[in-house]
Amino acid sequence: MSITSGSFLLFALALTVLYFLVPKHGQWMLLLLASAVFYCAAGLQYGAYILFTALSTYCGARWIGRLAAQQQAYLKANKEQLSREEKKAYKAGNKARRKAVMIAALLLNFGLLAVFKYGDFVLTQLNRAAALLGSGPVHGPLGLIAPLGISFYTFQSMGYLVDVYWEKCAPEKNIARMLLFVSFFPQIIQGPISNFSQLAPQLYAPHSFSAARLGSGLQRMLWGFFKKLVIADTLAPYVQAVFANYTEYSGVAVLVGAFLYSAQIYADFSGYMDIVCGLCEIWGIQLAENFQRPYFSKSIAEYWRRWHITLGEWFKTYLYYPVAVSHFARNAGKRWQKRFGGSVGKTIPATVALLIVWLTTGLWHGASWAYIAWGGVNGAFIIFSLWMEPVYLRWKQALHIQEDCWLWRAFQTLRTFCLVTVIKVLPEVGGLRRGLGLWKQVVTNWHLPETWQALFPYADTWINLAVIGGGLVLMLAASLLQRKQPVRAFLMEKPMVLRYTIYFVLLGAILLFGCYGEGFDPQDFMYFKF
């Protein structure tokens with residue numbers, strides 16, 4: 001059930017009406033039922049996998065919680081009898097058992113994710129290696145279709161499990177509530193990847209109807225539908241044409257197509273977030289934000305702190321920090337510090353952690369060498385910037401560059417946007433070789449087209465160009481305005497006639513150029529495949 005479809009709108013409308021009609025203590029149960037309906041609509045056969053994740057997470061967390069409670073009770077009851085060494089030994093043994101439970105649950109769930117998402121990729125590499133050695137294939141492709149949202153709900157549930165082990169939150173005792181946290185349907189397809197302590201209390205709390213929340217949520221949903229249906233889906237066929245046939249176009253036209261791809265994926269992904277965050281806002285539930293004007297970033301590292309924020313937070317919390325403070329990383333830092341000096345040695349733990357995080361991030365996005373290379377290139381830029389930070393500081397001092405200078409900030413922003421676009425395109429053209437081929441076409445076939453049809457060979461009418469240009473200008477204006485204050489707050493300060501004129505213009509654009517436009521070809525959300 002696509003969230004841009006009419007069936008989803010009817011589903012959301014009926015659910016919202018029922019949500020405020022049922023007794024408040026039953027609202028969370030209605031959300032659980034709605035999530036089950038939404039998920040099963042995508043395929044009943046996949047329900048077993050999300051149920052397995054919820055049950056294994058629930059049992060693992062409860063087991064860890066019981067072991068922690070046993071430790072507390074035992075130490076309290078034997079406070080006077082136990083020596084310091086005995087207490088320390090008991091704590092170490094209890095912690096080892098809790099860690100074993102956590103690792104078992106992690107292996108089960110990440111193993112299931114790995115089989116579905118990476119099984120065929122691994123078998124392909126093994127078969128290629130076997131062919132090079134003159135042997136027959138190891139195994140044919142598994143042909144498995146990954147369950148809906150498995151990457152997102154696995155990360156979210158495993159984050160909760162680790163938080164229970166770290167004693168950041170108490171284990172949930174109600175299995176049905178645990179299932180709702182894992183399967184909450186607005187975020188099941190593309191996130192955000194929520195923290196249990198932030199989301200769960202909101203899911204289970206009673207909520208009353210609010211006209212103000214209804215208006216604010218509908219405004220955000222309208223903006224999300226506009227970004228997805230008018231901007232992203234209008235750009236999609238043009239970008240796809242460039243990526244599929246880049247050798248037929250001039251380098252300038254290919255470059256324009258690559259930059260339009262950056263606009264398309266932002267409008268697509270952030271549009272989804274606006275729709276689901278707006279819907280949840282109506283119910284009184286605030287989802288974690290996933291974007292913070294990422295194309296205004298001044299570095300690659302900052303960009304990834306502002307793009308898909310919850311995924312970055314997950315990797316930082318559950319992978320980066322544990323690796324950076326691990327014995328291996330710290331010992332490596334000490335060895336490099338002795339050999340090359342303190343400044344180099346101090347960066348080694350962060351370098352090791354960043355390298356692992358970014359290779360894993362690439363693999364999370366897709367089971368291919370192109371995505372692994374994409375993650376590696378992002379990581380390389382961030383690591384290089386980390387190592388060169390003292391040098392950059394000396395250069396800026398020597399050149400008298402002021403950080404608050406608008407010209408310097410504009411240069412950094414433009415530079416980062418260009419780098420992000422160059423990297424982003426690599427895995428999206430159909431493989432790493434084709435991605436590199438696209439940029440070769442840009443560099444080696446550089447000439448200015450003589451007509452606009454040659455510059456935009458994939459845009460056939462002035463209307464399409466006007467829709468694309470107008471949509472991009474409007475999206476840029478909203479982002480610029482948002483730097484000072486929320487757009488919806490800005491609109492509320494304007495006269496009612498102006499506000500509703502803007503709303504009807506957006507709605508008209510959606511109906512005319514989006515879902516009912518002539519020749520409209522609805523596109524799946526781009527992050528749906530991840």
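**Figure 1. Lining of the largest pocket in the predicted model.** The lining of this pocket is made up of 38 residues. Those that lie nearest the pocket centre are Ser-299, Ala-301, Glu-302, Arg-305 and Ile-382. Five elements each give two or more residues to the lining: α10 (300-306), α11 (309-324), α13 (342-365), α14 (369-398) and α15 (406-425). Of these, α14 gives the most, with 10 residues. The volume of the largest pocket is about 1200 Å³. Sorted by class, its lining holds 22 nonpolar, 7 polar and 9 charged residues.

**Figure 2. Packing of helix α9 (residues 251-283) against α15.** The two helices meet at an angle of about 90°, and their axes lie 9 Å apart. At that angle, α9 is therefore roughly perpendicular to α15. From α9, the residues in contact are Ala-258, Phe-259, Tyr-261, Ser-262 and Ile-265. From α15, they are Phe-417, Cys-418, Thr-421, Lys-424 and Val-425. By class, the residues of this contact comprise 7 nonpolar, 2 polar and 1 charged. Besides packing on α9, α15 is one of the elements that give two or more residues to the lining of the largest pocket.

**Figure 3. Packing of α9 against helix α18 (residues 462-482).** Here the angle is about 65°, with the axes of α9 and α18 lying 12 Å apart. The crossing in which α9 passes α18 is left-handed. On the α9 side, the contact is made by Leu-260, Ala-263, Tyr-266 and Ala-267. On the α18 side, the contributors are Ile-468, Leu-472, Met-475 and Ser-479. The residues of this contact fall into 7 nonpolar, 1 polar and no charged.

**Figure 4. Crossing of helix α2 (residues 27-41) and helix α6 (residues 175-183).** The axes of α2 and α6 come within 9 Å and cross at roughly 55°. The two helices are therefore oblique to each other. In passing α6, α2 makes a left-handed crossing. Trp-28, Leu-31, Leu-32 and Ser-35 supply the α2 side of the contact. Ala-176, Arg-177, Leu-179, Leu-180 and Ser-183 supply the α6 side. Divided by class, the residues of the contact of α2 with α6 are 6 nonpolar, 2 polar and 1 charged.

**Figure 5. The second largest cavity and its lining.** The model contains 2 cavities of 30 Å³ or more. The second largest cavity encloses about 50 Å³ of space. Its lining consists of Phe-152, Tyr-153, Gln-156, Val-182, Gln-187, Ile-188, Gly-191, Pro-192 and Ile-193. Helix α5 (residues 150-165) gives the largest share of this lining, 3 residues. By class, the lining of the second largest cavity has 6 nonpolar and 3 polar residues, while charged residues are absent.

**Figure 6. The cis peptide bond between Gly-191 and Pro-192.** Omega of this bond is about 10°. Pro-192 is placed in the loop between α6 and α7 (196-204). Gly-191 and Pro-192 are both among the residues that line the second largest cavity. Ile-193 is also included in that lining.

**Figure 7. Backbone conformation at Glu-167.** Phi of Glu-167 is near 65°, a positive value in a residue other than glycine. Glu-167 belongs to the loop between α5 and α6. Of the helices on either side of this loop, α5 gives 3 residues to the lining of the second largest cavity, and α6 makes the contact with α2 shown in Figure 4.

Note on methods:
Residues are numbered from 1 along each chain as its sequence is written. This is a predicted model: local features need pLDDT of at least 70, side-chain atom pairs count only at pLDDT 80 or more; totals for chains, interfaces and linings use all residues. Side-chain values use heavy atoms; hydrogens and water are left out. On a 1 Å grid over the protein atoms alone, a cavity is a set of points where a 1.4 Å probe fits but cannot get out, and a pocket is an open set with protein on both sides within 12 Å along at least five of seven lines; lining residues have an atom within 4 Å of a point. Grid points are joined across faces, edges and corners, and a volume is the space filled by probe spheres set on the points. Ala, Val, Leu, Ile, Met, Phe, Trp, Tyr, Cys and Pro count as nonpolar, Asp, Glu, Lys and Arg as charged, and the others, Gly among them, as polar. Axes are lines fitted to C-alpha atoms, for helices over the stretch in contact, and angles run from 0 to 180 degrees between N-to-C directions. Angles under 35 degrees count as roughly parallel, over 145 as roughly antiparallel, 65 to 115 as roughly perpendicular and the rest as oblique. A crossing is left-handed if the near helix is turned anticlockwise from the far one by less than a right angle, and right-handed if clockwise. Contact means heavy atoms within 4.5 Å.
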